[in-house]
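The following exercises are meant to be worked with the coordinates open in a viewer. Try each task before reading the solution below it.

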Amino acid sequence: MNVIRLIVSAGLRDLSRSRWLIGYALGFFALAEGLFWFGGSGPQVVLSLLNIVLMVVPLVALVFGAIHVYASREFVELLLAQPVPRKPLFTGLWLGLALPLAGAFAVGAGLPFVFHGGGGAGFAALATLAVAGVVLSFIFSGIATWIAWSTDDRLRGVGLALGVWLAATVLYDGAILAATAAFGDYPLERPLLGAMILNPVDLARLVVLSQLDASALMGYTGALFNKALGTAGGAAVAGAALLAWCGVPYLMSARRFARRDF
Amino acid sequence: MIRVEGLRKRYGTHDALRGVTLEFRTGAVTALVGPNASGKTTLIKSLLGLVRPDAGTVFVKDAPVDEAGRYRRAIGYMPQLARFPENLTVADVIALVASVRAGEGAESPRDDELIEAFHLVREMDRLVRTLSGGTRQKVSAAIAFLFSPEILILDEPTAGLDPLAAAILKDKIRSVRASGRTVLITSHVSAELEGLADDVAFLCDGEIGFTGTFDSLLHQVGEHRFEGAIASLFRSKGRVA
């Protein structure tokens, strides 16, 4: 526990001074502030932000995360040469990356809402969006960590991270749409519900949209999800799946980290 | 102090270590030499638990090493490449390593000698990203010696250091040896091992080619200087008559 705390606070101290993360927070701040500036109300701003959050948060968590892990390799070797076991060291390293990433997003995107009165009617949606962005930061920084500790070639690792991003944000919906068109004669509901749970970006979209009156924007899988489980039930299942998703990349990369050679 | 028995490690189709059995004498400086890709770094990393050997055992202070790594309390390690988190200060880095080590039990006496000799006190508040490569290397050396470990493992310690700093470091290694501690050092520059190494272990293609004292090496290959002796080891792939 002590080791985890020490490594996490070092990670926070390091990354809170990172120009990249400061820029990331400022970018979200400017964006949310700009959306208010152009006359948006709370719920509208949340809706506009949602699509950007779903694209940008996974991208930054994956690419920045992978680069960060590669850059910290030599220091991690030095830490591993100290009298500490690998598991708590790994947990500290991951949290020391995920917390600053999530924090930069939450502070950057959240402050404008504080200035503009908590988002008014859209407060529930805003809170959900904030949680979704934080959870996505954890999930995708976990995936980045897994990639970087499994791939020794940095260029390949960063390429893989970009590939995961493309797959989760763009290709996945396209593939589902194509599958629906191709197999439209068969009952697809069940496989599609399964497919939905496999993509945290889709889950996050569903959870946030369920707080807004905008089911038309939900996309094909989202609409199906709600049809099967009801709006509230769908959001609850999606939220639970999203939280479970946080653990998957963490457990996978912790295993990898515990077994690999440095 | 450190003994390895039948150490084997294979990466894919490449045998990095093929059954290395070796002992590092307590209170001596052992030079681990060998051509590139001979398995030196793999051997060092096996001692530290960074690499898991496929077969064989590492004994540190007569006990086989374990997963939890408490045995590493006795070891100070200076890696080949010194890199620290870019946005931490030198003081942050040193405090982090110190608290990670202290967290696992009793505190060891601090040895600030290198921090003073390298004039690192005035660099303490600088961010790592603003440091030159040489200064990072000095920080790395200072950390290895900071906790007065009984065993020092130094991987290419003088690479990137200016001659003055290298001389300071070599003096420090000698004084550590004089206090009865064990030093393991790898270097490509054989001239700098002269007058420093008591023992030599020559590794080639993952096997021990020669192991013994420095004097016995000179005698066996019929050379007067370390550099020539090492060169002849390289030529004969370590197979000394």
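The exercises below treat a predicted model, beginning with chain A and then passing to chain B.

**Exercise 1. Describe the secondary structure of chain A and the share of its residues that are buried.**

Step 1. Counting the elements of chain A gives 11 helices and zero strands, so the run from the N terminus on is written with α alone, as α-α-α-α-α-α-α-α-α-α-α.

Step 2. Of the 262 residues in chain A, buried residues make up 48%.

Step 3. For the contacts in chain A between residues at least 6 apart in sequence, 82% join residues at least 24 apart.

**Exercise 2. Characterise the course and the surroundings of helix α5 of chain A.**

Step 1. Helix α5(A), which covers residues 86–115, has 30 residues, and the distance from its first C-alpha to its last is 43 Å, close to the 44 Å expected at 1.5 Å a residue.

Step 2. Along its course α5(A) bends by about 25° at A109(A), and the proline P112(A) follows within four residues.

Step 3. Because 21 of its 30 residues are buried, α5(A) is largely enclosed by the rest of the structure.

Step 4. Just after the helix, G117(A) takes a positive phi of about 75°.

**Exercise 3. Decide whether F36(A) is buried, partly exposed or exposed, and list its contacts beyond its neighbours in sequence.**

Step 1. F36(A) lies in helix α2 of chain A, which comprises residues 19–37.

Step 2. A residue counts as buried with 20 or more other C-beta atoms within 10 Å and as exposed with 12 or fewer; F36(A) has 17 such neighbours and is therefore partly exposed.

Step 3. When residues up to four places away in sequence are not counted, F36(A) touches V45(A), P112(A) and H116(A). The residue P112(A) is also the proline that follows the bend of α5(A) at A109(A).

Step 4. As for D153(A), 117 residues apart from F36(A) along the chain, the two C-alpha atoms are separated by 43 Å.

**Exercise 4. Which residues touch the most other members of the largest nonpolar core?**

Step 1. This core has 159 residues, and those that touch the most other members are L129(A), A144(A), A204(A), A142(B) and I153(B).

Step 2. Taking A204(A) as an example, its contacts are L54(A), A132(A), V135(A), L136(A) and L242(A), with residues up to four places away in sequence not counted.

**Exercise 5. Work out the strand order and the pairing in the open sheet of four strands in chain B.**

Step 1. The order is β2-β1-β4-β5, and the pairing is antiparallel.

Step 2. At the edges stand β2 (14–24) and β5 of chain B, each of which pairs on one side only.

Step 3. Strand β1(B), residues 2–11, is joined to β2(B) over eight bridges in the antiparallel sense, and L7(B) stands opposite V20(B) in β2(B).

Step 4. The hairpin of β1(B) and β2(B) has two residues between the strands, and in it G12(B) takes a positive phi near 65°.

**Exercise 6. Do the same for the open sheet of six strands in chain B, and explain why its edge strands each have a side without a neighbour in the sheet.**

Step 1. The order is β6-β7-β8-β3-β9-β10, with mixed pairing.

Step 2. Because β6 (75–78) and β10 (207–213) of chain B each have a single partner strand, one side of each is left without a neighbour in the sheet. From one strand to the next the twist averages 15°.

Step 3. Strand β6(B) pairs with β7(B), residues 151–155, in the parallel sense over four bridges, and there I75(B) has I151(B) as its bridge partner.

Step 4. From β6(B), I75(B) and Y77(B) point one way and G76(B) and M78(B) the other way, yet all are buried.

Step 5. Strands β3(B) (29–33) and β8(B) (182–186) also pair in the parallel sense over four bridges, with A31(B) bridged to I185(B).

Step 6. Helix α7(B), residues 214–221, lies across β9(B) and β10(B), and it runs at about 110° to β10(B).

**Exercise 7. Is Y71(B) buried or exposed, and where is its place in chain B?**

Step 1. Y71(B) is found in the loop between β5 and β6 of chain B.

Step 2. With 21 other C-beta atoms within 10 Å, Y71(B) is buried.

Step 3. Its contacts, leaving aside neighbours within four places in sequence, are V60(B), K61(B), A63(B), V65(B) and D66(B).

Terms used. Residues numbered from 1 in each chain as written. Chains lettered and ligands numbered in written order. Predicted model: local features only at pLDDT ≥ 70, side-chain atom pairs only at ≥ 80, totals over all residues. Expected span 1.5 Å × (residues − 1). Bend = angle between axes of the 7 residues up to and from the residue. Pairing = 2+ DSSP bridges. Axes fitted to C-alpha atoms, helices over the stretch in contact; angles between N-to-C directions. Contact = placed C-beta atoms within 7 Å. Core = buried A, V, L, I, M, F, W, Y, C linked by C-beta atoms within 7 Å.
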